[in-house]
Each structure stands twice: as structure tokens, then as C-alpha cells.
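Here's a quick tour of some strands, a helix and a couple of cysteines. Have a look at the fold first, then read on.

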Amino acid sequence: MTEPPQTATQHAFIALAPPDDAKKELAHALSPAYATYPDLRWNRIEDWHITLAFLGVLPVGTVQRLRSPLADLAAARPSLELALLGGGHFDERVLWSGIEGDLDQLHELAEAVRARVRDCDVDFAERPLRPHLTLARARRYDNASVKAAAACLADFAGRPWQTKRLHLVGSTVRGDSGPRRYQDIGAWTLVAGRSHRDPKPPQAAAHEHQDGSSPR
């Protein structure tokens with residue numbers, strides 16, 4: 001496998017991922033929406049993630065530089081209990097499923113992740129965290145399907161699950177042919193059981209608990 005050129009870039013983000021059984025449970029609940037609104041731009045199930053930090057377009061070498069700091073962080077952070085809950089939309093354009101469970105700890109993990117990224121001198125847009133799973137986007141001419149599809153999830157409540165790994169995800173390197181796809185650049189196991197102290201505790205960021213932000 002040839003190395004990408006030094007100028008190569010890719011979209012990257014840091015995230016948690018629901019386990020396969022939780023994804024299948026949500027996909028089953030979405031079956032009526034899949035059938036009724038086929039023109040929505042549905043995300044692939046394997047791309048479903050809870051984004052903690054969206055890094056945007058970065059040089060491939062810069063993304064690789066984050067691997068060691070994130071591995072150290074994951075080794076010191078506890079797993080969380082989360083569940084998928086209901087559905088909603090951003091501006092009638094983006095369909096999402098909500099997240100419930102250890103939300104305070106989820107915000108703390110997101111800030112710890114962002115602190116590590118800042119420590120690596122990586123610039124990124126620090127949007128307030130609003131935990132969700134992006135499912136689909138509307139096409140330009142469609143102002144109704146996302147809102148209707150969200151109603152299909154009004155009564156959905158997924159079973160709780162434990163987060164297993166912290167994921168650094170990247171798109172195919174810009175310049176590759178074909179549609180952009182995402183895959184793990186690295187994934188590191190979180191500590192099971194009780195919380196362990198982060199060796200580099202992040203400063204508290206109250207703005208991370210405010211509601212409302214643009215999705216990735």
C-alpha cells in the first residue's frame with residue numbers, strides 16, 4: 001500500500017459508536033421511514049456515530065498525530081451507559097436520533113477529547129455538544145420528508161448499552177476516486193467499571209452543556 005502524498009487531506013472526527021445490536025434495533029424502527037422516504041440521503045448504518053469532536057478537513061499526517069494522545073485518554077476514561085431515544089430534526093433538513101443515559105459523563109468525555117486535540121495544536125470548530133446520531137439529510141428540494149420521518153421515531157426507546165471504544169474516524173483521502181467513505185483510523189478501549197482519573201484533567205467548559213448546535 002503506497003503512502004498518501006504529504007499534501008493529502010481527509011475529513012476526520014472523534015466519536016463513540018453504538019454496538020451492532022443497538023444499530024439493528026434502531027434500523028428496525030426506521031423501516032417504515034426507509035420505505036416511505038427513499039429519496040432522503042440516508043447515512044449508512046456502519047457510519048452511525050455519536051460525534052464528540054468534529055475536526056473537519058485536516059492533513060493526513062495531522063490526523064495520525066492524534067492517535068497516541070487519544071489512546072492514552074481512552075485508557076484513563078470509563079465506559080458509559082447510553083441508549084438511543086426518539087428522533088428529531090435540525091431545521092427540517094437533518095434527521096437524528098437522540099441519546100440518553102450518562103450524559104454528564106458524555107459531556108466530560110467530549111471536553112477531555114477536545115482538550116487533547118487542542119494540546120496537539122490542531123485547530124477545529126468547537127461547536128457546543130448536542131448528543132445525537134445523524135441518520136439522514138434532505139435533498140435540496142425536500143422540506144417535508146425529514147420532519148415526517150422523525151415522527152416515525154416518536155415512540156422509539158432503545159435498550160441501554162455500554163460504550164466500548166473511542167474512535168478516531170477519517171474519510172477516504174481526498175483525491176481518491178469514488179464516493180467518500182469513513183473508516184476507523186484508530187479505536188481504543190475505554191476502561192470498564194468505575195471512573196478513573198484523567199492524567200490530564202480538562203478545564204471545565206460550561207458552554208458544552210448548552211443546548212443547540214449545528215450537526216456535523
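## The hairpin and its neighbour

Let's start at a turn: strand 4 and strand 5 form a hairpin with three residues between the strands, and Asp 91 there has a positive phi near 55°. Keep in mind that this is a predicted model. The two strands of the hairpin, strand 4 and strand 5 (residues 94-101), run antiparallel and are joined by seven bridges.

Strand 4 (residues 81-90) also pairs with strand 7 (residues 161-162), again in the antiparallel sense, through two bridges. Leu 82 is a handy residue to click on here: its bridge partner in strand 5 is Gly 101, while in strand 7 Leu 82 stands opposite Trp 161.

## The buried side of helix 4

Which residues of helix 4 (residues 67-74) are buried? They are Pro 69, Leu 70, Leu 73 and Ala 74. These four cover an arc of only 135° around the axis, so they sit on the same side of helix 4. That fits the usual helix arithmetic: with 3.6 residues a turn, residues three or four places apart in an α-helix point the same way.

And what covers those buried residues of helix 4? The cover includes strand 1 (9-16), strand 8 (165-171) and strand 9 (182-189), along with helix 3 (60-65) and helix 5 (103-119).

## The cysteines

On to sulfur: the structure has zero disulfides. Cys 120 has a relative accessibility of 14%, so Cys 120 counts as buried, because the cut-off for buried is under 20%. Cys 152, with a relative accessible area of 34%, is partly exposed.

Methods: Residues numbered from 1 in each chain as written. Predicted model: local features only at pLDDT ≥ 70, side-chain atom pairs only at ≥ 80, totals over all residues. Heavy atoms only, no water. Disulfide = S-S within 2.5 Å. Buried < 20%, exposed > 50% of the residue type's maximum accessible area, 1.4 Å probe, protein only. Pairing = 2+ DSSP bridges. Arc of directions from axis to C-beta. Contact = heavy atoms within 4.5 Å.
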